Every structure is written in structure tokens, then in C-alpha cells.
Amino acid sequence: MLCLLRYLERDYLAHYRFSNIVLLRPSMSFMLIQTPNPLTLKDALPNFSKTTHIFLPINDCRNANQAEGGSHWSLLLVSIVDGVAFHYDSLNPANREEAITTTKKLGTLLGKQLQFLDLPDSPQQENSSDCGVFVCVQMKHLLLKKLMRADKEQKVSMSMGGKHIDASHGRKAMLEIIEGFRKEGESRRS
């Protein structure tokens with residue numbers, strides 16, 4: 001997931017300096033959900049004062065001492081400009097409570113109430129192991145096909161209804177990204 005975030009930031013968001021979209025790292029999302037007072041994280045998190053949208057991977061781990069725990073991932077996309085948090089869960093409603101908690105804590109951090117919308121039309125996985133792939137594919141689709149194609153004043157449907165996700169194709173695409181980073185690292189060392 002981290003490779004995809006770096007890829008999207010470097011190859012897409014970097015070319016749209018005025019996009020004001022934040023792709024929050026899974027560790028930061030985990031820290032937000034685990035912290036009793038989200039205001040104590042203000043200095044550790046990005047400055048959201050000019051941010052329009054935040055993508056947050058959500059994990060179901062409830063043990064604050066086990067950052068790599070949990071068994072399921074979902075995606076929370078917060079539109080700060082609209083005051084809405086859209087939740088995409090490929091095993092709906094598995095991460096609903098975690099996403100609601102994160103929405104409330106992020107609202108406290110932002111100083112504004114956010115409406116939580118669980119999107120039941122999110123594509124559903126067919127097994128118990130594709131959730132991370134679904135989060136990555138949905139994040140890329142929502143960012144590149146919806147948000148970055150919209151005019152500044154245009155309202156965009158954030159529904160993923162009717163979108164089919166091929167997990168096998170998603171895995172292959174992520175492997176290609178990782179391989180690209182590996183080759184880039186090799187060429188820097190030589």
C-alpha cells in the first residue's frame with residue numbers, strides 16, 4: 001500500500017500542485033483511531049488547513065500495541081470541502097465502526113463535524129484476502145478518474161457502484177509499481 005501511495009504522490013499529485021489532496025499513510029490513520037484525543041496529533045499529521053480531500057486506509061486492528069495487526073482494510077475518503085466522509089468497504093460492513101470512529105476523530109482534529117456515508121454499492125471482494133488490493137484500486141480510481149478530472153467547482157459522484165475490481169489485475173499493477181521502484185533504486189546505486 002505504501003508503494004502505491006508514493007507512486008500516486010510522485011507520478012500524479014506532484015504534477016497538480018494545487019490539488020490539495022492528502023494520502024494519509026496507514027500508520028497515521030492507525031495512530032488517529034487509537035489516540036483518545038486527536039488534537040494531540042496535530043503536529044504529527046500534515047497541515048490540513050488548505051486540504052480539500054484526505055484518503056485514509058482503515059484497519060480493524062484494535063490493539064494499539066500491534067501496529068501491524070488487524071485482518072481487514074477499507075478506505076475512507078474525506079471531502080473536507082463538502083464535510084462528508086465516504087466509506088468504501090469490500091466486506092461491508094466489516095470496518096464500519098472503525099471508519100465512524102476515524103471520521104469523528106478527524107472531525108475533531110479539523111474543527112468541523114463530518115457526515116459519515118457508508119457506501120453499500122462499493123465493489124465487494126470474493127474472498128478474505130483481497131481487501132488491501134481493493135483499497136489500492138479504489139484509491140487510484142477515485143483519485144485519478146474522479147477527483148483529478150473534475151473542475152474545481154464541479155460536484156463529483158463518489159460512488160463506486162457498478163465498478164468491477166479485478167483483484168488479480170490490481171496485484172499485477174502493484175507488482176509493476178514495486179518493480180519500477182526497485183529498478184529505480186538499483187540505477188541510483190550504480
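Start with the salt bridges: a search of this whole predicted model turns up six of them. We'll visit three, then wander off to some neighbours.

**Stop 1: Glu 98 and Arg 62**

Select Glu 98 and Arg 62 and show their side chains. They meet in a salt bridge, with 2.8 Å from N to O. This pair ties together distant parts of the chain, 36 residues apart. Glu 98 sits in helix H3, which covers residues 96-110. Arg 62 belongs to the loop between strand E2 (53-59) and strand E3 (73-79).

Now switch on a surface and compare the two ends. Which is buried, and which is exposed? Glu 98 is buried, at a relative accessible area of 5%, while Arg 62 is exposed, at 65%.

Stay with Arg 62 for a moment. Setting aside residues up to four places away in sequence, Arg 62 touches Gln 34 and Glu 98. The 2.8 Å meeting of the Arg 62 and Glu 98 side chains also counts as a polar contact. For a distance to try in your viewer, pick the C-alpha atoms of Arg 62 and Ile 33: they are 8.9 Å apart, though 29 residues separate them along the chain.

**Stop 2: Asp 118 and Arg 96**

Next, select Asp 118 and Arg 96. Here is another salt bridge, and its closest N and O atoms are 3.5 Å apart. Again the pair links distant parts of the chain: Asp 118 is in strand E5 (residues 115-118), Arg 96 is in helix H3, and their positions lie 22 residues apart in the numbering. Asp 118 is buried, with 18% relative accessible area. It counts as buried because the cut-off is under 20%. Arg 96 comes out as partly exposed, at 31%.

While you are here, colour the whole of E5. Which residues make up its covered face? Phe 116 and Asp 118 do, whereas Gln 115 and Leu 117 are on the uncovered one.

Add strand E4 (residues 84-88) to the selection. E4 and E5 run parallel and are joined by four bridges. To see one partnership, click Val 84, whose bridge partner in E5 is Gln 115. Then bring helix H3 back into view: E4, H3 and E5 together make a right-handed β-α-β unit.

**Stop 3: along helix H5**

Move on to helix H5, residues 167-189, and pick out Arg 182 and Glu 186. Their salt bridge has its closest N and O atoms 2.4 Å apart. Both residues lie in this helix, four residues from each other, about one turn. Is either end buried or exposed? Arg 182 is partly exposed, at 38%, and Glu 186 is partly exposed too, at 40%. Add Glu 179 to the selection, and you have a network: Glu 179, Arg 182 and Glu 186 are joined by salt bridges that share partners.

**Stop 4: two histidines**

Go back to the loop between E2 and E3 and select His 72. At 3% relative accessibility, His 72 is buried. What does its side chain make a polar contact with? The side chain of Asp 89, at 2.6 Å. Widen the selection to see what else is around. Leaving out neighbours within four places in sequence, His 72 is in contact with several residues, including Ile 58, Asn 59, Asp 60, Ser 90, Leu 91, Gln 125 and Cys 131.

For a second histidine, jump to His 164, in the loop between helix H4 (131-146) and H5. His 164 counts as exposed, at 61% relative accessibility. Its C-alpha atom is 9.3 Å from that of Ser 122, a residue 42 places away along the chain.

**Stop 5: the cysteines**

Finish with Cys 131, which you met among the contacts of His 72. How many disulfides does the structure hold? Zero. The nearest cysteine sulfur to that of Cys 131 belongs to Cys 136, and it is 9.8 Å away. A disulfide needs sulfur atoms within 2.5 Å, so this pair does not make one. Select both cysteines with the surface on: Cys 131 is buried, at 6% relative accessibility, and Cys 136 is buried as well, at 3%.

Conventions
Residues are numbered from 1 along each chain as its sequence is written. This is a predicted model: local features need pLDDT of at least 70, side-chain atom pairs count only at pLDDT 80 or more; totals for chains, interfaces and linings use all residues. Side-chain values use heavy atoms; hydrogens and water are left out. A salt bridge is a side-chain nitrogen of Lys or Arg within 4 Å of a carboxyl oxygen of Asp or Glu. Buried means under 20% relative accessible area, exposed over 50%, partly exposed in between (1.4 Å probe, protein chains only). Contact means heavy atoms within 4.5 Å. A polar contact is a pair of N or O atoms within 3.5 Å; within protein, one must be able to donate a hydrogen and the other to accept it, and residues adjacent in sequence count only if both atoms are side-chain atoms. Two strands pair if DSSP finds at least two bridges between them. A crossover is right-handed if, with the strands pointing away from the viewer, the path from the first strand over the helix to the second runs clockwise.
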